[in-house]
Amino acid sequence: MTWLVRTRERQRRADHHLSLHRELLALLGEARDWEELASLVVRFPRRVVDLRAAGLLVRDQASNGHHLEAQWWDPTDESLASLTSLGNQRICSDCATMETAPSERIFPVRCTEDDDPRLGDRYCLPLVYGGETTGLLYLYMPEGVSPAQDEAGALSAMAASMAIAIHDTQPQRSATIQAEAADAERRRIARDLHDTLGQSLGYLNLKLDQLVHKDASAEIGDIRDELGQMCAVAGEAYRQVRTTLSELQPPTPPDIETALQQEAQLVAGRAGFELKMVSHGLPRPLPPHMRRHLLYLLGEALANVER
């Protein structure tokens, strides 16, 4: 009689896990974007085992490393109320073996490194597709609690489906990231043009309007001086346009000291103050965005002096 009860209980649990797997497949197919998919993957295992928290790490093919993509912890657990993040997750040595022989281990595998007593015991569930690991799930279970054999089997089966979904969604995610990066670059160029070229053109427009309405009896020398200043501003605007266009190409980085000196000399000559430039130390190359920010800072400071 006891054997029959146990057999029926195993069958009931197997049916339950199979039903959960079918539900997971349906939800994976309905995920609309990467964020929704990652959230589903990191949250669904708690339907199978008792979890306190979970984290999804995705493999970055470019750097050959992993980064934390999504995380979840039990909002009803008061001991986790102060938790804001699972922290900087890294692959422990127990989980690293999956990179070379994922099929030779029984997963989830217990991680013995970097345990957080607030979260409990950490288990690693690799997400493998086509013999390659696309990511892994860190599953935090109450201390001393481990997945039962049938639960481990169910999680392994679900991990295969999750790995397929992540593999199929990655190209779309990469395209989204590239589109977002291109949009951010367009906004940056627009801000740069507004802060540099826009100010120069605004100055020229103001001076031209003043000249149009200037008294005809004005001294020709004054007009010549104003035209000289406008020519300098127009030259600066032209340089700004060329700089922006050159940034859209892979240019040879300019020497920052020379660039700063040219910027200062241009304003000094226009405003009529003396420039003395002193440098200390040995020069070293700077990334383009840092050179650009230094030039903008200097330009703003010189503009304040000129005003």
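Arg13 is partly exposed in this predicted model, with a relative accessibility of 25%. Its salt-bridge partner is Asp150, and the closest N and O atoms sit 2.6 Å apart. That pair ties together distant parts of the chain: Arg13 belongs to helix α1 and Asp150 to helix α4 (residues 149-195), with the two positions 137 residues apart. Asp150 is partly exposed too, at 29% relative accessible area.

What else shows up when you look at the charged pairs? Going by the distance rule, the count comes to seven salt bridges. Here are three of them, with the closest N to O distance for each.

| Pair | N to O distance |
|---|---|
| Glu9 and Arg12 | 2.7 Å |
| Arg13 and Asp150 | 2.6 Å |
| Arg110 and Asp121 | 3.1 Å |

Glu9 and Arg12 are a local affair: they are three residues apart in helix α1, so about one helical turn separates them. Glu9 is partly exposed at 34% relative accessibility, and Arg12 is partly exposed at 46%.

Arg110 and Asp121 meet through their side chains. This pair links strand β3 (residues 109-111), home of Arg110, to strand β4, home of Asp121, and the two residues are eleven apart. Their surroundings don't match: Arg110 is partly exposed at 27%, while Asp121 counts as buried because its relative accessibility is 11%, under the 20% cut-off.

Back to helix α1 itself. Spanning residues 2-30, α1 has 29 residues and reaches 42 Å from first C-alpha to last, close to the 42 Å expected at 1.5 Å a residue. Its buried residues include His17, Leu20, His21, Leu24 and Leu28.

Now for the strands. β5 (residues 132-141) is mostly covered, with nine of its ten residues buried. Strand β1 (residues 53-60) runs antiparallel to β5 and is joined to it by six bridges, with Leu57 standing opposite Leu136. β5 also pairs with β4 (residues 121-129), again in the antiparallel sense, over nine bridges. In that pairing, Leu125 has Leu137 as its bridge partner. The β4 and β5 hairpin has two residues between its strands, and Gly130 takes a positive phi near 60° there.

Zooming out, the protein has eight helices and five strands, running α-α-β-β-α-β-β-β-α-α-α-α-α from the N terminus. Of the 307 residues, 34% are buried. Among contacts with a separation of 6 or more, 59% come from residues 24 or more positions apart. The accessible surface is about 19,100 Å², and carbon and sulfur atoms account for 54% of that.

How values were computed:
Residues numbered from 1 in each chain as written. Predicted model: local features only at pLDDT ≥ 70, side-chain atom pairs only at ≥ 80, totals over all residues. Heavy atoms only, no water. Helix = DSSP H or I, 4+ residues; strand = E, 2+ residues; numbered from the N terminus. Buried < 20%, exposed > 50% of the residue type's maximum accessible area, 1.4 Å probe, protein only. Contact = heavy atoms within 4.5 Å. Areas by Shrake-Rupley, 256 points an atom, 1.4 Å probe, with all protein chains shown as cover. Expected span 1.5 Å × (residues − 1). Pairing = 2+ DSSP bridges. Salt bridge = Lys/Arg side-chain N within 4 Å of Asp/Glu carboxyl O.
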